[in-house]
Amino acid sequence: MWIYASDQHSFKVGEAVRPLGALTQDRQSAIIADETVTAPMFPMKVDVQGVESAPKKSWNVEVADEKFMSPSLVATVLGSVIEATISERRDITWRFHSKLQLRGYPLMEFDDFGIAIGGTPEAGDFAQSRLVRTIGDALNNPWQNVRVERVEGTISVQYTRELLHLRGVELLDEQVNPGEKARLLVHLHPFNGKDVTRTLDVVLPKELAGKEVDLEVSPGYEVFPEMPAPENLPAL
């Protein structure tokens with residue numbers, strides 16, 4: 001396809017015409033391939049929404065099914081799709097809705113979001129997504145072998161900085177009856193906008209009757225429910 005002529009590191013750039021087996025060994029002295037073996041792969045489809053001027057908005061690739069490499073390869077694909085589609089130096093709010101199909105298990109769906117200030121989201125941002133983390137946990141589980149059948153995702157972008165800073169919280173009801181709601185008035189400061197307030201309702205369980213309760217307000221993505229350690233793949 002192209003030759004990079006350089007006295008220091010000249011090399012040729014090309015792409016494979018067809019698959020020619022699979023690598024079976026990777027050593028310092030040589031790389032060994034077996035032409036009779038087909039490497040396991042799974043399809044991955046990524047759609048990009050919110051960029052009307054993009055010449056290509058739908059991407060289809062095949063990813064190697066390998067427990068150590070697959071999660072990072074999926075993140076790399078997502079980062080490469082964004083780089084090829086939306087390579088701009090602007091604030092971007094992105095949302096990522098993804099689907100993961102493991103063989104023998106129901107379809108799983110995930111939602112992730114993030115903000116890229118002065119640039120675009122990269123592979124490192126997607127490496128922390130629920131999709132990539134779940135693929136890594138499933139392929140490296142200690143109970144049984146897992147096969148990924150397909151991965152799908154839709155990345156939606158907006159050229160905004162949808163960021164809210166929590167400036168304060170007020171308790172509207174200092175005393176609440178058991179089983180009723182405690183109302184919290186939350187003061188938020190958006191980027192390039194006026195302050196806004198929102199009311200949050202927290203139901204207090206009846207077993208807290210007669211007790212003093214401390215309420216902590218945190219972003220949802222920082223809070224993880226307390227659950228027992230999984231003992232098998234379905235529980236994971």
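This report walks through the aromatic contacts and the two largest pockets of the structure above. Keep in mind that the model is predicted.

**Aromatic pairs**

Searching the whole structure turns up 4 aromatic pairs. Take Tyr4 and Phe11 to begin with: their ring centres are 5.2 Å apart and their planes meet at 25°, so this pair is stacked. Planes under 30 degrees apart count as stacked, which is why 25° qualifies. Tyr4 is partly exposed because its relative accessibility is 31%, and Phe11 is partly exposed too, at 40%. Trp2 joins Tyr4 and Phe11 in one aromatic cluster.

Phe96 and Phe126 are arranged edge-to-face, with 5.7 Å from centre to centre and 80° between the planes. This pair ties together distant parts of the chain: Phe96 belongs to strand β7 (residues 92–102) and Phe126 to helix α2 (residues 123–127), 30 residues apart. Are these two rings' residues buried or exposed? Phe96 is buried, with 1% relative accessibility, and Phe126 is buried as well, at 0%.

**Charges over rings**

Two arginines also sit over aromatic rings. Arg90 places its charged end over the ring of Tyr159, 3.9 Å from the ring centre. Arg161, for its part, lies over the face of Phe191, again at 3.9 Å from the centre of the ring.

**The pockets**

Here is how the linings of the two pockets break down by class.

| Pocket | Nonpolar | Polar | Charged |
|---|---|---|---|
| Largest pocket | 21 residues | 8 residues | 9 residues |
| Second largest pocket | 11 residues | 2 residues | 3 residues |

The largest pocket holds about 1200 Å³ of space. It is lined by 38 residues, and those closest to its centre are Phe113, Leu164, Pro219, Gly220 and Tyr221. Several elements give two or more residues to this lining: β7, β8 (108–116), α2, α3 (130–139), β10 (164–171), β11 (181–190) and β12 (196–203). Which of the elements supplies the largest share of the lining? That would be β8, with 5 residues. Note that β7 and α2, both on the list of contributors, are also the elements that hold Phe96 and Phe126.

The second largest pocket has about 430 Å³ of space. Its lining is made of 16 residues, and Met108, Thr134, Asp137, Pro234 and Leu236 are the closest to the centre. In this pocket α3 gives the most, with 5 residues. Helix α3 also appears among the elements that give two or more residues to the largest pocket, so to speak a shared contributor.

Technical notes:
Residues are numbered from 1 along each chain as its sequence is written. This is a predicted model: local features need pLDDT of at least 70, side-chain atom pairs count only at pLDDT 80 or more; totals for chains, interfaces and linings use all residues. Side-chain values use heavy atoms; hydrogens and water are left out. Rings of Phe, Tyr and Trp (its six-membered ring) pair if their centres lie within 6.5 Å; planes under 30 degrees apart count as stacked, over 60 as edge-to-face and the rest as tilted. Buried means under 20% relative accessible area, exposed over 50%, partly exposed in between (1.4 Å probe, protein chains only). Helices (H or I, at least four residues) and strands (E, at least two) are DSSP runs, numbered from the N terminus. A charge sits over a ring if NZ of Lys or CZ of Arg is within 6 Å of the ring centre and within 35 degrees of the ring normal. On a 1 Å grid over the protein atoms alone, a cavity is a set of points where a 1.4 Å probe fits but cannot get out, and a pocket is an open set with protein on both sides within 12 Å along at least five of seven lines; lining residues have an atom within 4 Å of a point. Grid points are joined across faces, edges and corners, and a volume is the space filled by probe spheres set on the points. Ala, Val, Leu, Ile, Met, Phe, Trp, Tyr, Cys and Pro count as nonpolar, Asp, Glu, Lys and Arg as charged, and the others, Gly among them, as polar.
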